[in-house]
Amino acid sequence: MDAKLFTQALVKYLSGLLLMGVLLFVPAGTFAYWQAWLLLGILFIPMLVAGLILMRKSPDLLRKRLNAKEEQAEQRTVIVLSGLMFLAAFIIAGLNVRFGWMVLPAWVSYGAAAVFLIGYGLYAEVLRENAYLSRTVEVQEGQQLVDTGLYGIVRHPMYMSTVLLFLSMPLVLGSPISFAVMLAYVPIIMARIRNEEQVLEDGLEGYREYESRVRYRLIPHVW
């Protein structure tokens with residue numbers, strides 16, 4: 001096992017867990033926020049399992065996933081906007097509980113948790129299918145076009161899964177106001193996809209032909 005990679009992954013994992021806990025429980029003013037505990041469970045337990053599997057089976061892919069440094073200005077802007085969106089959505093969800101603005105019924109949280117886990121399953125399948133899946137927009141040395149499995153249905157199945165994940169999060173938390181904030185993810189990810197496709201068209205052999213075969217970017221028969 002790569003000790004340096006393990007340490008890097010563990011630090012990021014624990015930092016993410018701590019940050020989300022602070023963003024949810026401090027605004028809520030209580031630890032008796034069961035929707036937040038539900039979200040932390042369905043997010044970080046599968047994340048831990050997936051990380052251990054990648055550490056053992058595909059450490060190079062895990063290393064790519066931990067590298068979030070974007071070179072392109074357009075993508076750095078996307079990351080900043082996404083970060084602000086998440087901060088606002090989580091803080092508002094906590095405040096929503098503290099002040100009882102518009103708290104959704106429990107069945108919505110449970111249903112959204114099921115959707116979240118489906119999105120997680122799709123995300124895991126994308127990781128299995130595409131060994132070149134980094135967190136940055138780039139064409140890697142020796143990269144080959146992947147056009148089977150989920151990539152034969154839409155051109156960006158990873159982003160398709162993140163739409164399910166991110167839009168279900170505020171519903172798990174019981175906050176319709178946070179859901180409205182998270183809707184900003186749709187235009188943000190659309191902008192990222194357009195820029196990413198320009199990079200792939202210029203640098204990845206066969207990508208333009210792939211675009212003509214697989215028409216939809218994100219949602220079948222929609223876009």
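Is His-156 buried or exposed? His-156 is buried, because its relative accessible area is 4%, under the 20% cut-off. We'll come back to that histidine, but let's look at the whole chain before zooming in.

**The big picture**

What you have here is a predicted model. Its mean pLDDT is 88, and 90% of the residues reach 70 or more. Confidence does vary from element to element: helix H3 (residues 59–66) has the lowest mean pLDDT, at 76, while helix H7 (residues 176–182) has the highest, at 97. As a rule of thumb, predicted coordinates shouldn't be read in detail where pLDDT is low.

So what is the chain built from? There are nine helices and zero strands, which gives the pattern α-α-α-α-α-α-α-α-α along the sequence. The chain has 223 residues, and 43% of them count as buried. If you take the contacts with a separation of 6 or more, 79% of them link residues 24 or more positions apart. On the outside, the accessible surface is about 11,800 Å², with 66% of that belonging to carbon and sulfur atoms.

**Inside the core**

In soluble globular proteins, nonpolar side chains tend to be buried together. Here, the largest nonpolar core has 59 residues, and those touching the most other members are Met-20, Leu-39, Phe-90, Phe-116, Met-169 and Leu-173. The elements giving two or more residues to this core are H1, H2, H3, H4, H5, H6, H8 and H9.

Now try three leucines in a row: Leu-38, Leu-39 and Leu-40. What does each one touch, leaving aside neighbours within four places in sequence?

| Residue | In contact with |
|---|---|
| Leu-38 | Ser-109, Tyr-110, Ala-113, Val-172 |
| Leu-39 | Met-20, Phe-90, Phe-116, Met-169, Val-172, Leu-173 |
| Leu-40 | Leu-17, Met-20, Phe-25, Ile-45 |

Leu-38 sits in helix H2, and its C-alpha is 7.9 Å from that of Ala-113, even though 75 residues separate the two in sequence. Leu-40 is in helix H2 as well. Its C-alpha lies 7.9 Å from that of Met-20, a residue 20 places away in sequence. Leu-40 counts as buried because its relative accessibility is just 8%, and the cut-off is 20%.

**Helix H8 and the histidine**

Helix H8 covers residues 185–203, so to speak a 19-residue stretch, and reaches 26 Å from its first C-alpha to its last, close to the expected 27 Å. Which of its residues are buried? Tyr-185, Ile-188, Ile-189, Arg-192, Ile-193, Asn-195, Glu-196, Glu-197, Val-199 and Leu-200 are. When you look at that list, remember that an α-helix has 3.6 residues a turn, so residues three or four places apart point the same way.

Back to His-156, which lies in the loop between H5 and H6. Its side chain is joined to that of Glu-197 by a polar contact of 2.9 Å. Beyond its neighbours within four places in sequence, His-156 is in contact with Ile-193, Glu-196, Glu-197, Tyr-207, Arg-217 and Leu-218.

**Another histidine, out at the end**

His-221 is found in the segment after H9. Is His-221 buried or exposed? It counts as exposed, because its relative accessibility is 69%, over the 50% cut-off. Its backbone is worth a look too: most residues other than glycine have a negative phi. His-221, however, has a positive phi, near 65°.

Terms used
Residues numbered from 1 in each chain as written. Predicted model: local features only at pLDDT ≥ 70, side-chain atom pairs only at ≥ 80, totals over all residues. Heavy atoms only, no water. Helix = DSSP H or I, 4+ residues; strand = E, 2+ residues; numbered from the N terminus. Expected span 1.5 Å × (residues − 1). Buried < 20%, exposed > 50% of the residue type's maximum accessible area, 1.4 Å probe, protein only. Contact = heavy atoms within 4.5 Å. Areas by Shrake-Rupley, 256 points an atom, 1.4 Å probe, with all protein chains shown as cover. pLDDT = per-residue confidence, 0-100. Core = buried A, V, L, I, M, F, W, Y, C linked by side-chain atoms within 4.5 Å. Polar contact = N/O pair within 3.5 Å; in protein donor to acceptor, adjacent residues only side chain to side chain.
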